[in-house]
Amino acid sequence: MKFLKIIGLHRHSTLFGLIFLFLAQLSSVFAQEKDSGDPGVRPNLEIIKSEVAALTMEIMKKSDVSTEQNLLVKFRTSDTSWAVRNALLETLKRMKYNVFLSSSTEKQEGVSLDIGLVETKVRYGPAFRESFLGKRKTARKIEVAVSANIRDARDEVLFAGSLSRGFSDTIHVGDLPD
């Protein structure tokens with residue numbers, strides 16, 4: 001206080017203190033904005049692969065196909081991404097199926113799994129702040145749909161349909177991919 005009296009600012013010390021605290025808080029908020037928020041935020045691709053794996057397990061459970069049978073997998077569309085294809089094939093292998101790609105198989109006997117469509121969508125909502133000086137956040141929604149049919153060696157349909165799953169969370173805007 002003596003310093004403020006010497007330079008003639010003792011009357012305004014409360015005001016200057018409040019301004020100083022506000023500016024310090026504001027600068028820390030801007031520093032946080034540049035920081036990449038939560039280190040535990042899962043990337044979109046990881047979530048999509050996880051959802052494809054869950055859908056694959058659900059399809060196989062509904063079809064009641066034995067793991068002792070050969071599974072001939074065919075992707076009917078060429079626009080299915082490599083990540084989605086790999087997630088599906090990895091899941092089938094992890095479930096102990098004997099998996100063959102029908103395009104590379106010569107007259108294998110077994111159950112046919114035809115994947116007609118795999119659709120993935122990633123959407124972000126508008127940015128918002130939970131508090132006046134808080135980090136900017138956005139709602140993230142990821143949807144995955146798989147359309148497939150499974151037929152046995154006699155062409156009996158064991159499963160036909162489309163299944164979908166969704167995932168949603170809230171992430172910091174700084175965690176969005178560039």
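Reader: Let's say a polar contact is a pair of N or O atoms within 3.5 Å (within protein, one must be able to donate a hydrogen and the other to accept it, and residues adjacent in sequence count only if both atoms are side-chain atoms). Which residue's backbone oxygen does the side chain of Ser63 reach?

Author: This is a predicted model, so to speak: local features need pLDDT of at least 70, side-chain atom pairs count only at pLDDT 80 or more, and totals for chains, interfaces and linings use all residues. Residues are numbered from 1 along each chain as its sequence is written, and side-chain values use heavy atoms, leaving out hydrogens and water. Ser63 sits in helix H3 (DSSP runs, numbered from the N terminus: helices are H or I, at least four residues; strands are E, at least two). At 3.0 Å, its side chain reaches the backbone oxygen of Met60.

Reader: Is Ser63 buried or exposed?

Author: Beyond four places in sequence, Ser63 touches Ile150, Leu158 and Phe159 (contact means heavy atoms within 4.5 Å). Its relative accessible area is 5%, and the cut-offs are under 20% for buried, over 50% for exposed, partly exposed in between (1.4 Å probe, protein chains only). So Ser63 is buried.

Reader: Which helix supplies the largest share of the largest nonpolar core?

Author: A nonpolar core is a set of buried Ala, Val, Leu, Ile, Met, Phe, Trp, Tyr and Cys residues joined through side-chain atoms within 4.5 Å. The largest one has 28 residues, with Met60, Val73, Leu92 and Leu113 touching the most other members. H3, S1, H4, S3, S5 and S6 each supply at least two residues. Six residues, the largest share, come from H3.

Reader: What does H4 span from its first C-alpha to its last?

Author: Buried residues of H4 include Ala83, Leu88 and Leu92, with cover that includes H3, S1, S2 and S3. H4 has 13 residues, and the expected span is 1.5 Å times one less than the number of residues. The helix comes close to that expected value, reaching 18 Å.

Reader: Which residue forms a salt bridge with both Asp114 and Asp155?

Author: A salt bridge is a side-chain nitrogen of Lys or Arg within 4 Å of a carboxyl oxygen of Asp or Glu, and the structure holds eleven. Arg76, in the loop between S1 and H4, pairs with Asp114 in strand S3, 38 residues apart, at 3.1 Å. Asp114 is buried at 6% relative accessibility. At 2.8 Å from Asp114 and 2.7 Å from Asp155, the partner is Arg151.
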